[in-house]
Amino acid sequence: MMLRVVPENSGQLVPLDSAAAGNESRVPLFGLDAAALAGVLAEEGEPSWRADQIIEAIYRQYIRELSSITTLSLDLRQKLAAGGWQIGRPEITKAFQSADGTERYLIQCPGPTAETVETVWMPEGDDGEAGDGSNDEARASNETKDWRRATICVSSQVGCSVNCQFCLTAKLGLQRNLTPGEIAGQVVSVLDRHAVRVGRDRVNLVFMGMGEPFLNYDNFMAAVRLLVHEVGLSPQRMTVSTSGIVPGIERFAQEPSDLRPKLAISLNAPNDEVRAGIMPINRKWPISSVMDAVRRVRLRPHERITFEYVLLGGVTDRPEHAREVARLVRRTGLPAKVNLIAWNPGPGIPYGTPEPANVAAFRKTLGAEGIPAYIRQPRGRDIFAACGQLKRTVEA
Ligand code: SAH
Ligand code: SF4
């Protein structure tokens, strides 16, 4: 019986016969990097440079069917299909469009389990991740499209185990980790849908969808490598957000700077007491331990750490909280900025949205204390695409 290595770095071997059984159980090429693809081709007796042709086709030209890769001979395409391979890129099965241009997608991953993940497209960005005027140059170009800059919000897990009290995704619990191909596949599916020309169009990625990326660290970083090496995106246009998983931040600090996204920390509270009340993870890794880990990240020139701060009406939005946050951030000694997010409501979550005047005052106080702060405008609230609203409903 022939055996082959299952993709997604599992290192596990499965019998070829079961892989070839039907379309459902075919093994996806999508998710494999250059070395793994070269291995597949070697098995078929093909030279490794053919891997470059497959990479060009699936990651750069967004081709979805093996039979359409015309740079490969018909014979090789048939041989790969007969060997149980398919491209197997995750597919957008449903799209919800917001009045503000935001689109939320349900993306189906091929394979036996029927789960969908959620991905969000925000033309003109999310009004916060750059949020510092660095977009003006992009606004002047690319006039022919209906967007000039866009941000894709990517999920890393189905559900989440962290249990932040204000977040709707938490209600799902953790269903499962996404594979590298499923994480990178969300991005490529959305690039394909909007005919994005990588290298010419300005696209940012934020790993801020469903799930905690640093609790799926290996798959998350393997996806980043695919997106950088094979898809051609810049890690400097990517931001990963963590709720403060200290061992994950420590590993992240060791990543080479040409592969490391920017880092955002979901601070969300002015001190340990308030934070532990809304983010139980704070009991395991209190603010000081998170800050110690963040300090190990060697920042690139002009790079800043982002602290995200969800404003919960009456709970975290008072002026004294802003002064405490400023002190906390100053004490890190790191170049930093704060992104303020007014809490987005979800059913059964016992918080309130903050008064707009309190949001503005919070930002002003931080500014007066010398901390650059930006207010992130909620995007796609009408289609439940805004922060913390993912997986609200399939019917919306
Ligand atoms: N799990 C990671 C990344 C996904 S959450 C993390 O927590 O950092 C992305 C951001 O959305 C986090 O900063 C989180 O605090 C915020 N968020 C969660 N629920 C929200 C809600 N209901 N309204 C506004 N922001 C929310
Ligand atoms: Fe998970 Fe982030 Fe939601 Fe917390 S805010 S439950 S870490 S997705």
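This passage walks through a predicted model, taking in its ligand site, its salt bridges, some of its strands and one loop residue.

The ligand site comes first. Nine names make up the list around ligand 2, and they are Cys-160, Val-162, Asn-163, Cys-164, Cys-167, Ala-170, Gly-211, Glu-212 and Ser-243. Sorted by character, the shell comes out as 5 nonpolar residues, 3 polar ones and 1 charged one. As for the room that ligand 2 occupies, that space is the largest cavity.

Next, the charged pairs. The structure has 17 salt bridges in total. One of them ties Glu-115 to Arg-176, with 2.9 Å between the closest N and O atoms. This pair connects distant parts of the chain, 61 residues apart. Glu-115 sits in the loop between strand S6 (103-108) and strand S7 (116-123), while Arg-176 belongs to strand S10 (residues 174-177). Glu-115 has a relative accessibility of 23%, so it counts as partly exposed, the buried class being under 20%.

Glu-303 and Arg-300 form another salt bridge, and here the closest N and O atoms are 3.2 Å apart. Both ends of this one are tucked away: Glu-303 is buried at a relative accessible area of 6%, and Arg-300 is buried too, at 11%. The bridge from Glu-320 to Arg-318 has its closest N and O atoms 3.0 Å apart. Its two ends are partly exposed, with relative accessibilities of 35% for Glu-320 and 37% for Arg-318. Elsewhere, salt bridges with shared partners knit Glu-46, Arg-50 and Lys-79 into one network.

On to the strands. Strand S5 (residues 91-97) and S6 run antiparallel and are joined by 6 bridges. Across this pairing, Phe-96 stands opposite Arg-104 in S6. The hairpin that S5 and S6 make has 5 residues between the strands, and in it Gly-101 adopts a positive phi near 95°.

Strand S11 (residues 202-207) is a rather different setting to look at, and burial is the theme there. Of its 6 residues, 6 are buried, so S11 is largely enclosed by the rest of the structure. Neither face is left open: Arg-202, Asn-204 and Val-206 are buried on one side, and Val-203, Leu-205 and Phe-207 are buried on the other. S11 also has strand partners. With strand S8 (residues 149-153) the pairing is parallel and spans 5 bridges, and Thr-151 stands opposite Asn-204 in S11. With strand S12 (residues 238-242), S11 again runs parallel, this time joined by 3 bridges. In that pairing Phe-207 faces Val-240 in S12. Asn-204 and Phe-207 thus turn up both among the buried residues of S11 and in its cross-strand pairs, Asn-204 with Thr-151 and Phe-207 with Val-240.

Last, a loop residue. Ser-68 is found in the loop between helix H3 (50-60) and helix H4 (74-82). At 37% relative accessibility, Ser-68 counts as partly exposed. The C-alpha atoms of Ser-68 and Ala-57 are separated by 8.9 Å, with the two residues 11 apart along the chain.

How values were computed: Residues are numbered from 1 along each chain as its sequence is written. Chains are lettered from A and ligands numbered from 1 in the order in which they are written. This is a predicted model: local features need pLDDT of at least 70, side-chain atom pairs count only at pLDDT 80 or more; totals for chains, interfaces and linings use all residues. Side-chain values use heavy atoms; hydrogens and water are left out. A residue is near a molecule or strand if one of its heavy atoms lies within 4 Å of it. On a 1 Å grid over the protein atoms alone, a cavity is a set of points where a 1.4 Å probe fits but cannot get out, and a pocket is an open set with protein on both sides within 12 Å along at least five of seven lines; lining residues have an atom within 4 Å of a point. A molecule sits in a cavity or pocket if more than half of its atoms lie within 2 Å of its grid points. Ala, Val, Leu, Ile, Met, Phe, Trp, Tyr, Cys and Pro count as nonpolar, Asp, Glu, Lys and Arg as charged, and the others, Gly among them, as polar. A salt bridge is a side-chain nitrogen of Lys or Arg within 4 Å of a carboxyl oxygen of Asp or Glu. Helices (H or I, at least four residues) and strands (E, at least two) are DSSP runs, numbered from the N terminus. Buried means under 20% relative accessible area, exposed over 50%, partly exposed in between (1.4 Å probe, protein chains only). Two strands pair if DSSP finds at least two bridges between them.
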